[in-house]
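Trainee: Pick one part of this model and give me a close look at it, please. I'd like the atom-level details, with every cut-off spelled out, and then how that part sits in the rest of the chain.

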Amino acid sequence: GSDRCYPIQGSLSLVEVGSDGSVYGVNRNGVVFKRLGIDACNPFGRRWWALRAAGVARHVSYDRGILWVVCKDGRVQRCQV
């Protein structure tokens, strides 16, 4: 088939993709990351950037410029990114 997977550097327990192509992830320690450098010439991006303001997360969801974060303690945060 035409399906192909490509390894991306990093170790995450969750990845979320928004309708605008933005990619966010959470690692096993609850740190939220955004993938930087994604564009038509480099669809894989260049690196992960830690979003320290998001706190310690267990889940994220993103769309329309808003990152929703479910914290490890169950609180929900709405972050404009």
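Mentor: Let's agree on burial before anything else: a residue is buried under 20% relative accessible area, exposed over 50%, and partly exposed in between, using a 1.4 Å probe and protein chains only. Keep in mind that this is a predicted model, where local features need pLDDT of at least 70 and side-chain atom pairs count only at pLDDT 80 or more, while totals for chains, interfaces and linings use all residues. Numbering starts from 1 along each chain as its sequence is written, and side-chain values use heavy atoms, with hydrogens and water left out.

The part I'd pick is the stretch around β2 and β3. Strands here are DSSP runs of E with at least two residues, helices are runs of H or I with at least four, and both are numbered from the N terminus. Valine 32 lies in strand β3. Its relative accessible area is 0%, so valine 32 counts as buried. For its surroundings, take contact to mean heavy atoms within 4.5 Å. Skipping neighbours within four places in sequence, valine 32 is in contact with Gly25, Val26, Trp49, Ala50, Leu51, Ala54, Ala57, Val60 and Leu67. One of those partners, alanine 54, is 22 residues away along the chain, yet its C-alpha atom is 6.6 Å from that of valine 32.

Now step back to the loop that leads into β3. Asparagine 27 lies there, between β2 (23-26) and β3 (32-36). Its relative accessibility is 14%, which is why asparagine 27 counts as buried. Its side chain makes polar contacts, meaning pairs of N or O atoms within 3.5 Å; within protein, one atom must be able to donate a hydrogen and the other to accept it, and residues adjacent in sequence count only if both atoms are side-chain atoms. A polar atom of the asparagine 27 side chain lies 3.0 Å from the backbone nitrogen of asparagine 29. The backbone nitrogen of valine 31 is also 3.0 Å from a polar atom of that asparagine 27 side chain. Leaving out residues up to four places away in sequence, asparagine 27 touches Ser11, Leu12, Ser13 and Phe33.

On the far side of β3 there's another asparagine to look at. Asparagine 42 sits in the loop between β3 and β4 (47-50). With 17% relative accessibility, asparagine 42 is buried. A polar atom of its side chain lies 3.1 Å from the backbone oxygen of glycine 45.

β2 has a link of its own. Aromatic pairs are rings of Phe, Tyr and Trp (its six-membered ring) with centres within 6.5 Å; planes under 30 degrees apart are stacked, over 60 edge-to-face, and the rest tilted. The structure holds two such pairs. In one of them, tyrosine 24 and tyrosine 62 are tilted, 4.7 Å centre to centre with 40° between the planes. Tyrosine 24 belongs to strand β2 and tyrosine 62 to strand β5 (residues 57-63), so this pair ties together parts that are 38 residues apart in sequence. Both tyrosine 24 and tyrosine 62 are buried.

Just past β5, the chain enters the loop that runs to β6. Arginine 64 lies in that loop between β5 and β6. Its phi is near 50°, a positive value in a residue other than glycine. Most residues other than glycine have a negative phi. Arginine 64 is exposed, because its relative accessible area is 78%. Glycine 65 is in the loop between β5 and β6 (66-71) as well, but with 16% relative accessible area glycine 65 is buried. Not counting residues up to four places away, glycine 65 touches Cys79, Gln80 and Val81.

To place all this in the whole chain: there are zero helices and seven strands. Of the 81 residues, 35% count as buried. Among contacts between residues at least 6 apart in sequence, 28% join residues at least 24 apart. The radius of gyration is taken over C-alpha atoms, with a globule rule of 2.2 Å times the number of residues to the power 0.38. For 81 residues a compact globule would have a value near 12 Å, and the chain's 13 Å agrees. The C-alpha atoms fill a box of roughly 40 × 25 × 25 Å along the principal axes.
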